[in-house]
Amino acid sequence: GDGRRAALVAQFGGTDETEKAVARALEWLKRHQGKDGLWSLTGRYKDGARQENRLAATAMALLALQGAGQTTTSGTYKVVVAKAWEALRRSQLDDGQFDVRPAMPEQQGMYAHAQATIAACELAGMTGDETWRSVAQKAVAFAVESQAEDGGWRYQPRVPNGDTSMTGWFMMALKSAEMAKLDVPPETFKRVDSFLDSVAFENGQRYGYFKYSD
């Protein structure tokens, strides 16, 4: 809520200038939202990405907007947020995966789903709306089903020998789900523990990118 956000901004060093910067950034996001409600990495920017990933771009834009307290029903940019979420809701497959076209590079799909799941869980927690709780729960279900037996995640669902980068994003998504009081099987977290143990070295002081063969 606005009151809580204002208190946190003040507590952690925010100023009128930083809030003005946030406001300008949110206005930039509004201007660059596509007519279909989504954002682009390549876009109309001089320094845009070389590869397109509209799901990741939209997830990151929504995380920024929602981080500023904007939801589908409240805030200056509620229409922007609602338009984006309606587009993502329509793109969600029966198994919970977000399927935004055109297709993104294969190695980016799972990253983007994890990012969108974090945003979905945040929206579910912020609004309590059953429509968005359903979208988020389906996205979480896909994340859970995509976890490999060794507890990690990789570029494709259930592929063994996961990496800490991908697994980190999915762990953030699952913790966001937990905070929003969505269903996450306890066994999923136990498997993450097992995966992290498998990539730890120097008695757990450091963690590798993935498990190296002996």
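**Group meeting: a helical chain and its core**

In this predicted model, the side chain of Ser91 comes within 2.8 Å of a backbone oxygen, that of Leu88. I begin with this contact and shall work outward from Ser91 to the chain as a whole.

Ser91 belongs to helix α4. Is Ser91 buried or exposed? With a relative accessibility of 13%, Ser91 counts as buried, because the limit for that class is under 20%. Setting aside residues within four places in sequence, the contacts of Ser91 are Gln97, Phe98, Asp99 and Val100. As a distance for orientation, 18 Å separates the C-alpha atom of Ser91 from that of Leu63, and these two residues are 28 apart along the chain.

Now to the overall architecture. The protein chain has eight helices and two strands. Read from the N terminus, the order is α-α-α-α-α-α-α-α-β-β. Along the principal axes, the C-alpha atoms occupy a box of roughly 55 × 40 × 40 Å. The radius of gyration is 18 Å, and this agrees with the value near 17 Å for a compact globule of 214 residues. Buried residues account for 42% of those 214 residues. Of the contacts with a separation of 6 or more, 60% are between residues 24 or more positions apart.

Let me turn to the interior. In soluble globular proteins, nonpolar side chains tend to be buried together. In the present model, the largest nonpolar core has 53 residues, and the members touching the most other members are Trp39, Leu55, Leu62, Leu65, Trp85, Leu88 and Phe98. Two or more residues of this core come from each of α2 (16–32), α3 (54–67), α4 (78–91), α5 (109–127), α6 (130–146), α7 (164–179) and α8 (186–199). Which element gives the most? That is α5, with 11 residues.

Two residues show the surroundings in more detail. For Leu65, beyond the neighbours within four places in sequence, the contacts are Leu26, Leu29, Trp39, Gln70, Tyr77, Val80 and Val81. The second is His113, whose place is in helix α5. His113 is buried, at 0% relative accessibility. Not counting residues up to four places away in sequence, His113 touches Leu55, Gly96, Gln97, Phe98, Ala139, Phe142, Ala143 and Phe170. Gln97 and Phe98 were also named among the contacts of Ser91.

The next element is α6. This helix has 17 residues, and its first and last C-alpha atoms are 24 Å apart, close to the 24 Å expected at 1.5 Å a residue. At its N-terminal end, α6 is capped by Asp129, with a side-chain oxygen 2.7 Å from the backbone nitrogen of Thr131. Which residues of α6 are buried? They are Trp132, Arg133, Val135, Ala136, Ala139, Val140, Phe142, Ala143, Val144 and Ser146. Against which helices do these buried residues pack? Their partners are α4, α5, α7 and α8. For α5, one may recall His113, which touches Ala139, Phe142 and Ala143.

I come lastly to the charged pairs. The structure contains 10 salt bridges, and I shall describe three of them.

One joins the side chains of Arg5 and Glu19, with an N to O distance of 2.7 Å. Arg5 is in helix α1 (residues 2–11) and Glu19 is in helix α2, so this pair ties together parts that lie 14 residues apart in sequence. Arg5 counts as partly exposed, at 21% relative accessibility. Glu19 is likewise partly exposed, at 29%.

Another is formed by Asp36 and Arg54, whose side chains meet at 2.4 Å, N to O. Asp36 sits in the loop between α2 and α3 and Arg54 in helix α3, 18 residues apart, and the pair thus links distant parts of the chain. Here Asp36 is partly exposed, with a relative accessible area of 35%, whereas Arg54 is buried, at 16%.

The remaining pair on my list is Arg154 with Asp163, at 2.5 Å, N to O. Asp163 is buried, with a relative accessible area of 0%.

To close, I return to the main points. The predicted model has eight helices and two strands. Its largest nonpolar core numbers 53 residues, and α5 gives the most to that core. Thank you for your attention.

Terms used:
Residues numbered from 1 in each chain as written. Predicted model: local features only at pLDDT ≥ 70, side-chain atom pairs only at ≥ 80, totals over all residues. Heavy atoms only, no water. Core = buried A, V, L, I, M, F, W, Y, C linked by side-chain atoms within 4.5 Å. Buried < 20%, exposed > 50% of the residue type's maximum accessible area, 1.4 Å probe, protein only. Helix = DSSP H or I, 4+ residues; strand = E, 2+ residues; numbered from the N terminus. Contact = heavy atoms within 4.5 Å. Expected span 1.5 Å × (residues − 1). Polar contact = N/O pair within 3.5 Å; in protein donor to acceptor, adjacent residues only side chain to side chain. Salt bridge = Lys/Arg side-chain N within 4 Å of Asp/Glu carboxyl O. Rg over C-alpha atoms; globule rule 2.2 N^0.38 Å.
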